[in-house]
Amino acid sequence: QWCDENSRNVIDILINHNPNKPVAIIAGGRPNVEASVEAIFDQANILPIRPLARSTAQALLKSIVGPNTDIEMINAVIDRSDGLPLAIEEFAAYVLRDGENRLQELPPRLENIFRAKLDAVDESVSNLCALCCVLGPDLDQNILDQIHTGQDKELSTSFAYLVAEKI
């Protein structure tokens with residue numbers, strides 16, 4: 001989502017000052033970043049990468065943990081990772097190292113990525129995330145309404161932001 005000014009300048013030089021030399025730049029970002037990339041780099045060709053199909057995710061996971069791994073564990077890792085290759089690899093390594101009971105936790109590398117995203121949000125969104133963490137994945141809206149100290153509009157705006165950013 002973010003590219004500092006120095007990086008933009010280097011990319012600009014590579015693309016615009018060498019018109020006869022093709023340049024391939026591979027960068028990651030969420031789907032909503034596509035328009036901003038095209039606005040910055042008018043010659044950008046966006047190649048969306050979707051989550052892996054379940055059968056492909058199973059093949060990737062089996063290549064990491066071995067073909068004789070329990071299918072329930074494989075399915076649990078795939079469900080937890082949402083078909084994202086990085087998450088599949090990180091959860092697989094975590095489960096191999098620390099056991100299947102660790103699937104409810106985020107592996108350290110994914111936790112660091114998530115923390116970096118949370119560090120970039122404003123205080124009301126961060127507070128909402130903290131409340132949701134305490135209430136758990138099956139949070140009760142009535143309890144959240146009672147605990148939340150902000151205004152109703154702030155709560156709905158924060159939720160909308162979290163959903164839009166896929167946090």
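Contact here means heavy atoms within 4.5 Å. This is a predicted model, where local features need pLDDT of at least 70, side-chain atom pairs count only at pLDDT 80 or more, and totals for chains, interfaces and linings use all residues. Residues are numbered from 1 along each chain as its sequence is written, and side-chain values use heavy atoms, with hydrogens and water left out.

**View 1. The whole protein, with 9 helices and 0 strands.** Helices (H or I, at least four residues) and strands (E, at least two) are DSSP runs, numbered from the N terminus. Read from that end, the elements go α-α-α-α-α-α-α-α-α. Of the 167 residues, 24% are buried; that label means under 20% relative accessible area, with exposed being over 50% and partly exposed in between (1.4 Å probe, protein chains only). The accessible surface is about 11900 Å², and carbon and sulfur atoms own 53% of that. Those areas come from the Shrake-Rupley method with a 1.4 Å probe, and for residues only the protein chains shown count as cover. Take the contacts between residues at least 6 apart in sequence: 49% of them join residues at least 24 apart.

**View 2. Helix 3 against helix 4.** The axes of helix 3 (residues 54-65) and helix 4 (residues 71-81) come within 10 Å and cross at roughly 115°. Axes are lines fitted to C-alpha atoms, for helices over the stretch in contact, and angles run from 0 to 180 degrees between N-to-C directions. On the helix 3 side, R54, A57, Q58, L61, K62 and V65 do the meeting; their partners in helix 4 are I71, M73, I74, N75, V77, I78 and D79.

**View 3. The R54–D79 salt bridge.** A salt bridge is a side-chain nitrogen of Lys or Arg within 4 Å of a carboxyl oxygen of Asp or Glu, and the whole structure has 3 of them. In this one, the closest N and O atoms of R54 and D79 sit 2.9 Å apart. The pair links distant parts of the chain, R54 in helix 3 and D79 in helix 4, 25 residues apart. R54 is partly exposed at 39% relative accessible area, and D79 is partly exposed too, at 49%.

**View 4. Salt bridges involving helix 6.** E90 pairs with R109, with 3.0 Å between the closest N and O atoms. E90 belongs to helix 5 (residues 85-98) and R109 to helix 6 (residues 108-119), so the bridge ties together parts 19 residues apart in sequence. E90 is buried at 16%, while R109 is partly exposed at 47%. E111 and R115 also form a salt bridge, at 2.5 Å from N to O. Both lie in helix 6, 4 residues apart, or about one turn of the helix.

**View 5. Two buried serines, S81 and S158.** S81 lies in helix 4 and has 2% relative accessibility, so it counts as buried. Neighbours within four places in sequence aside, S81 touches A87, I88 and F91. S158 is in helix 9 (residues 152-164), and its 3% accessibility makes it buried. With the same exclusion, S158 is in contact with S124, V125 and L128.
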